[in-house]
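Please walk through this structure with an eye to where its charged side chains sit, how they are paired, and which parts of the backbone depart from the usual pattern.

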Amino acid sequence: ELTIRADDGGFPVLSGSARIVVNVTDVNDNAPRFIGTPYADQVPEDVSLGGLVFPLSATDRDSSTNAQLHFSIIGGNVDNSFVVNSSTGEILAARTLDRENRDEYKLQVEVRDGGSPAPRAP
């Protein structure tokens with residue numbers, strides 16, 4: 001809070017004052033960051049469709065819309081075997097997994113924030 005005073009320079013000096021409140025708003029100056037990378041985990045081949053494979057975690061130092069995170073799979077999703085909950089970052093099984101056919105997946109996931117422009121963390 002600031003107080004500003006103005007004097008007219010006359011005689012007698014007349015003045016007025018006003019209190020001003022300055023609110024500093026966030027700009028989208030921080031990119032989101034994954035927590036705990038690189039990720040590696042195991043999942044049984046009998047995981048149910050829609051079952052949780054891995055929970056991703058990310059953070060953004062901005063606030064409000066600039067800190068709202070949106071996750072997406074951008075690579076390595078062979079046969080579209082997985083989906084990601086765009087809001088929570090949970091990787092879910094989208095297909096039946098068969099270890100005898102494929103025993104490893106290397107997904108590339110991106111997180112963007114809701115600001116403009118939207119910095120991202122691959």
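A residue counts as exposed when its relative accessible area is over 50%, as buried when that area is under 20%, and as partly exposed in between. Asp-79, with a relative accessible area of 53%, is therefore exposed. The model is a predicted one, and this should be kept in mind throughout the account that follows.

Asp-79 lies in the loop between β6 and β7, and its backbone has a positive phi of about 55° although the residue is not a glycine. Most residues other than glycine have a negative phi, and most peptide bonds are trans. Ser-64 also has a positive phi, again of about 55°, and is not a glycine either. Ser-64 is placed in the loop between β5 and β6, where its relative accessibility of 60% makes it count as exposed. A further backbone feature is the cis peptide bond that joins Phe-11 and Pro-12, with omega about -5°; Pro-12 has its place in the loop between β1 and β2.

The loop that holds Asp-79, between β6 and β7, is also where Asn-77 lies, β6 covering residues 69-75 and β7 residues 82-84. Asn-77 is buried, because its relative accessibility is 18% and the cut-off for a buried residue is under 20%. Its side chain reaches the backbone nitrogen of Ser-81 at 3.1 Å, and, when residues up to four places away in sequence are not counted, Asn-77 touches Phe-82 and Leu-107.

How many salt bridges does a search of the whole structure find? The search finds four, and three of the pairs can be followed here, namely Asp-7 with Arg-5, Glu-104 with Lys-106 and Glu-110 with Arg-112. Side chains of opposite charge can pair when their charged atoms come close. In the pair formed by Asp-7 and Arg-5, the closest N and O atoms are 3.0 Å apart; Asp-7 counts as partly exposed at 49% relative accessibility, whereas Arg-5 counts as exposed at 58%.

Arg-5 belongs to strand β1, which comprises residues 2-7, and its surroundings reach beyond the salt bridge. Apart from residues up to four places away in sequence, Arg-5 touches Ser-15, Gly-16 and Ser-17. The C-alpha atoms of Arg-5 and Ser-17 are separated by 4.1 Å, although these residues are twelve residues apart along the chain.

In the pair of Glu-104 and Lys-106, the side chains meet in a salt bridge at 3.8 Å, N to O; Glu-104 is partly exposed, with a relative accessible area of 46%, and Lys-106 is exposed, with 64%. The pair of Glu-110 and Arg-112 has its closest N and O atoms 3.1 Å apart, and here Glu-110 is buried, with a relative accessible area of 9%, while Arg-112 is partly exposed, with 32%.

What is the nearest side chain of opposite charge to Asp-113, and how far away is it? It is Arg-112, at 7.7 Å, and Asp-113 is buried yet has no salt bridge. The reasoning rests on the cut-off, because a salt bridge requires a side-chain nitrogen of Lys or Arg within 4 Å of a carboxyl oxygen of Asp or Glu. Asp-113, which has its place in strand β9 (residues 108-113), nevertheless has polar partners. A polar contact of 3.1 Å joins its side chain to that of Asn-28, and a polar atom of the Asp-113 side chain lies 3.1 Å from the backbone nitrogen of Gly-115.

Another charged residue to look at is Arg-61, in the loop between β5 (58-59) and β6, which counts as exposed at 72% relative accessibility. Arg-61 and Arg-33 are 28 residues apart in sequence, and their C-alpha atoms are 9.0 Å apart in space.

The surface also has a nonpolar part, a patch of about 480 Å² made by Leu-2, Ile-4, Ile-20, Val-22 and Val-24. Within this group, Val-24 is found in the loop between β2 (15-20) and β3 (33-34), and Val-24 is exposed, with a relative accessible area of 79%.

Methods: Residues numbered from 1 in each chain as written. Predicted model: local features only at pLDDT ≥ 70, side-chain atom pairs only at ≥ 80, totals over all residues. Heavy atoms only, no water. Patch = residues over 30% accessible without salt bridge, like charges linked within 9 Å, V, L, I, M, F, W, Y side chains within 5 Å. Areas by Shrake-Rupley, 256 points an atom, 1.4 Å probe, with all protein chains shown as cover. Helix = DSSP H or I, 4+ residues; strand = E, 2+ residues; numbered from the N terminus. Buried < 20%, exposed > 50% of the residue type's maximum accessible area, 1.4 Å probe, protein only. Contact = heavy atoms within 4.5 Å. Polar contact = N/O pair within 3.5 Å; in protein donor to acceptor, adjacent residues only side chain to side chain. Lys, Arg positive; Asp, Glu negative; His and termini not counted.
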